[in-house]
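Colleague: Could you take me slowly through a single part of this model, starting from one strand and moving on to what follows it along the chain? I am new to reading structures, so please say plainly what each piece looks like.

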Amino acid sequence: MARATRPYYYANNDLSNLAGSSDINFEYFSGFSKEQKIKSIESMHREILAKFNNAKILEISKASTNYLGQKLSAFNLTLNLNNGLHDVKASVERFFQGSKKFQNGGPFEELFFDYTLHPKRYERLKESGDFIGFELFGKSYSTTPTTYFYDWLYITALKQNKALAIELSEYEFFTDIEFNPKKSFSCQAKSIALFLGLQKEGILEQATKDADSFLEFYKTQIKKDELFSLFSTS
């Protein structure tokens, strides 16, 4: 029987760490099918419920059995951003992947417009050399803290999708079966916990009024050892 350890997230009352997390060990069902992922989600949630009786848990991924969790997948959650001429609408994942810059290419804005291109399997993302940063519509974004840019996109999208954001208040814990901290760094469940933490503290609008304000806020949320962690590709 295979087992895995993954984090689950929740809104914290600690201003220095608004997105709380804890690890949970559970029976893991390997495989890429949705059925296998659902089994792993259910197993993970059972272990969380064993610690927190009657906890309200929401899986955030395309594999979620909850319609809200599916809609909040970064592949489905849409975001409107202005490129200086007009608004551009695409999923959070498309904006994130398309903004990556590499030694030999990028950013790849075609991902914002051409839905025949898969935002994570696009060949140019894998064939352009070492990752060097993010650039979106001519503006560069910091790569430290490592999850800053992803969280900025995701939280901005949540602010725009108010009906979905309101439904989040019904849940206490958030998981993402697709997220493996050994292989990636950005996690949509963590972004949601941070959003709710900001909201509960009444500083959501102040901290996220623009990307620069969010960066200054974000730096206060990251432990020193995380600031200097190696940057890996999500």
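Modeller: Let us begin with strand β4, residues 78–82, which has a covered face made of Leu 79 and Leu 81 and an uncovered face made of Thr 78, Asn 80 and Asn 82. Please keep in mind that this is a predicted model; the mean pLDDT of the chain is 92, and 94% of its residues reach 70 or more. Residues 223–234 are a stretch to read with care, since there the pLDDT is below 50.

Strand β4 runs antiparallel to strand β5, residues 87–91, and 5 bridges join the two. Within this pairing, Leu 81, which belongs to the covered face of β4, stands opposite Val 88 in β5. The two strands form a hairpin with 4 residues between them, and in this hairpin Gly 84 takes a positive phi near 105°.

Further along we come to helix α3, residues 92–98, which holds Phe 95. The ring of Phe 95 pairs with that of Phe 137: their centres are 6.3 Å apart and their planes stand at 85°, so the pair is edge-to-face, the angle being over the 60 degrees that this label requires. Phe 137 lies in the loop between β7 and β8, 42 residues away from Phe 95, and the pair therefore links distant parts of the chain. Both of these residues are buried.

A second pair can be described in the same terms, for the rings of Phe 108 and Tyr 122 have their centres 5.9 Å apart and their planes at 85°, so this pair is edge-to-face as well. Phe 108 sits in the loop between β6 and α4, while Tyr 122 sits in the loop between α4 and α5, 14 residues apart, and both are buried. Phe 108 and Tyr 122 also belong to one aromatic cluster, whose members include Phe 96, Phe 102, Phe 131 and Phe 134.

Phe 134 leads us to the open sheet, because it is the bridge partner in β7 of Lys 100. The sheet has 3 strands in the order β6-β7-β8, with antiparallel pairing. Strands β6 and β8 stand at the edges, each with a single partner strand, so one side of each is left without a neighbour in the sheet. Neighbouring strands here are turned by 45° against each other on average, direction ignored. Strand β6 is joined to β7, residues 131–136, by 3 bridges.

Note on methods
Residues are numbered from 1 along each chain as its sequence is written. This is a predicted model: local features need pLDDT of at least 70, side-chain atom pairs count only at pLDDT 80 or more; totals for chains, interfaces and linings use all residues. Side-chain values use heavy atoms; hydrogens and water are left out. Two strands pair if DSSP finds at least two bridges between them. Axes are lines fitted to C-alpha atoms, for helices over the stretch in contact, and angles run from 0 to 180 degrees between N-to-C directions. Buried means under 20% relative accessible area, exposed over 50%, partly exposed in between (1.4 Å probe, protein chains only). pLDDT is the predictor's confidence in each residue, from 0 to 100. Contact means heavy atoms within 4.5 Å. Rings of Phe, Tyr and Trp (its six-membered ring) pair if their centres lie within 6.5 Å; planes under 30 degrees apart count as stacked, over 60 as edge-to-face and the rest as tilted.
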